[in-house]
Amino acid sequence: MKMANTTAIEMSIERVTTLIEAYGSDTQSWPEQERAEAVACLELSPLLQQLLNHEYELDALLQTDSVEEQVDEVLLARIVDKLPEQPKVKQNIAKLEWMPRWPAAMAAALTAVVVVLVVMNSPLQTVQNEQIALQEMDYLLWQDVTGQGSDEASDEESTDFTSML
Amino acid sequence: MKLKHFVTVSMVNLTAANSRPTTMSSISQTTVTQHSPWSAEDDPGLMHLIAMGNKPAFTELARRHMPGMLGFARRYVQLSEAEDIVQEALTRIWLKAAQWQDRGTSPRSWLMRIVYNLTMDSLRRQPKLAEQDSNELMATANGPEKNYEESIKQQQLAVAMKALPERQRSAVVLTVYNAMTNREAAGVLEVSVDALESLLSRGRRGLKQSIDLQRGV
């Protein structure tokens, strides 16, 4: 039990040494969550107190260089006056945050469908369709003019039939 | 002998030192926010209002943090440049407030990170000007009301500060003069708390060595 306590204090001494070296002699500037334990450890260790005193001179010197800055009302007014308009796009995106995220594959498939539809309805495709229709009309006219067609073929077939009988 | 006396005196002053108020920036911060109708609102609350385009909330946030922002930038660049940096940082906050999310980074840390980055950018662009200004700042600090001994000490400190690597110097400035917590300062420098403590230890050691060297110790 005694050994465990000693180990805990030794570990704390190491940590308090780090705190003193990093944050200086003002224990108020030490991390809040460690402060109470570190101060308790400090009170038990003359070595740590000596280390703390060694840092005090530097802290005192640093404090003399503190410059108290006031709020510059003129500067503040200038900044507020010159504020640009906030972007509205971001707000719209924020409003749509409830929507589920579209998977990339779904978006790609949708894009592919759109591309196919566009190609199908493109002017090139329409021209090709018109050309085919004209060719069919020409063929029908040619049949009417020449008298050739399905009737003649059926006569030939019937002729053949008769000869067979 | 002198050192021994100092140790004794400083031990007596230990309690007083620990109970002294925090840095100047935090004092002015309290004073400024006392009479504001927005003083009850915390920084994250103000950020949400700013994101909705609320200018009075923006003004309140600027009031709270402008002294610290200006104080930090002035340690590196001249006053007009520091004011431009503060204006740019606050304008960015206004435009990007909607992007801020309360995930461990306080608005103050975010603001100071912007100021830090802008200041370092400015330093890289105009290193000679910044150097000149540090001397000007030092001269301003050493007003006629200060005695000769103090003046010498401050000069030694200014020289030691300038000699520090940039990140060590910023770590010291943020924790000592801006009274930032270790997490806040680590957030500004974008390092872990352990790394910040390492920067601080090395920074303080560097300052002491430099001052001792100037004193011929």
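Here are a few friendly notes on the predicted model above, moving from chain A to its partner and then to single residues.

1. **The make-up of chain A.** Chain A has eight helices and zero strands. Following the sequence, the pattern reads α-α-α-α-α-α-α-α. Of the contacts in chain A between residues at least 6 apart in sequence, 41% link residues at least 24 apart.

2. **Inside and outside.** Chain A has 165 residues, and buried ones account for 23% of them. The area that chain A exposes comes to about 12400 Å², with 62% of it supplied by carbon and sulfur atoms.

3. **Where the two chains meet.** On the chain A side, 49 residues are in contact with 58 residues of chain B. Together the two chains bury about 4900 Å² between them, and carbon and sulfur atoms carry 58% of that area.

4. **Polar links across the interface.** Seven salt bridges are counted between chain A and chain B. If you would like one to look at in your viewer, try B:Arg75 and A:Asp65: they form a salt bridge in which the closest N and O atoms are 3.0 Å apart. There are also 16 residue pairs in polar contact between the chains, counting pairs with both residues at pLDDT 80 or more.

5. **Which parts of chain A touch chain B.** Helix 1 (2-23), helix 3 (46-64), helix 4 (73-81) and helix 5 (88-95) of chain A are the elements that give two or more residues to the side touching chain B. Helix 3 of chain A provides the largest share of that side, with 13 residues.

6. **A nonpolar patch on chain A.** Three residues, A:Leu110, A:Val114 and A:Val118, form a nonpolar patch on the surface, with a combined accessible area of about 270 Å². A:Val118 lies in helix 6 of chain A, which covers residues 104-120. A:Val118 counts as exposed because its relative accessible area is 53%, and the cut-off for exposed is over 50%.

7. **A residue worth a look in chain B.** B:Arg113 is in helix 7 of chain B (residues 107-125). Is B:Arg113 buried or exposed? The answer is in between: its relative accessible area is 21%, so B:Arg113 is classed as partly exposed, given that buried means under 20%. Leaving aside residues up to four places away in sequence, B:Arg113 touches B:Thr105, B:Gly187, B:Val188 and B:Glu190. As for B:Val188, it is 75 residues from B:Arg113 along the chain, yet the C-alpha atoms of the two are separated by 4.3 Å.

How values were computed. Residues are numbered from 1 along each chain as its sequence is written. Chains are lettered from A and ligands numbered from 1 in the order in which they are written. This is a predicted model: local features need pLDDT of at least 70, side-chain atom pairs count only at pLDDT 80 or more; totals for chains, interfaces and linings use all residues. Side-chain values use heavy atoms; hydrogens and water are left out. Patches are made of residues with over 30% relative accessible area and no salt bridge: like charges are joined within 9 Å, nonpolar side chains (Val, Leu, Ile, Met, Phe, Trp, Tyr) within 5 Å. Accessible areas come from the Shrake-Rupley method with a 1.4 Å probe; for residues, only the protein chains shown count as cover. A salt bridge is a side-chain nitrogen of Lys or Arg within 4 Å of a carboxyl oxygen of Asp or Glu. Helices (H or I, at least four residues) and strands (E, at least two) are DSSP runs, numbered from the N terminus. Buried means under 20% relative accessible area, exposed over 50%, partly exposed in between (1.4 Å probe, protein chains only). Contact means heavy atoms within 4.5 Å. Buried area is the accessible area (1.4 Å probe) that two parts lose on being put together, summed over both. A polar contact is a pair of N or O atoms within 3.5 Å; within protein, one must be able to donate a hydrogen and the other to accept it, and residues adjacent in sequence count only if both atoms are side-chain atoms.
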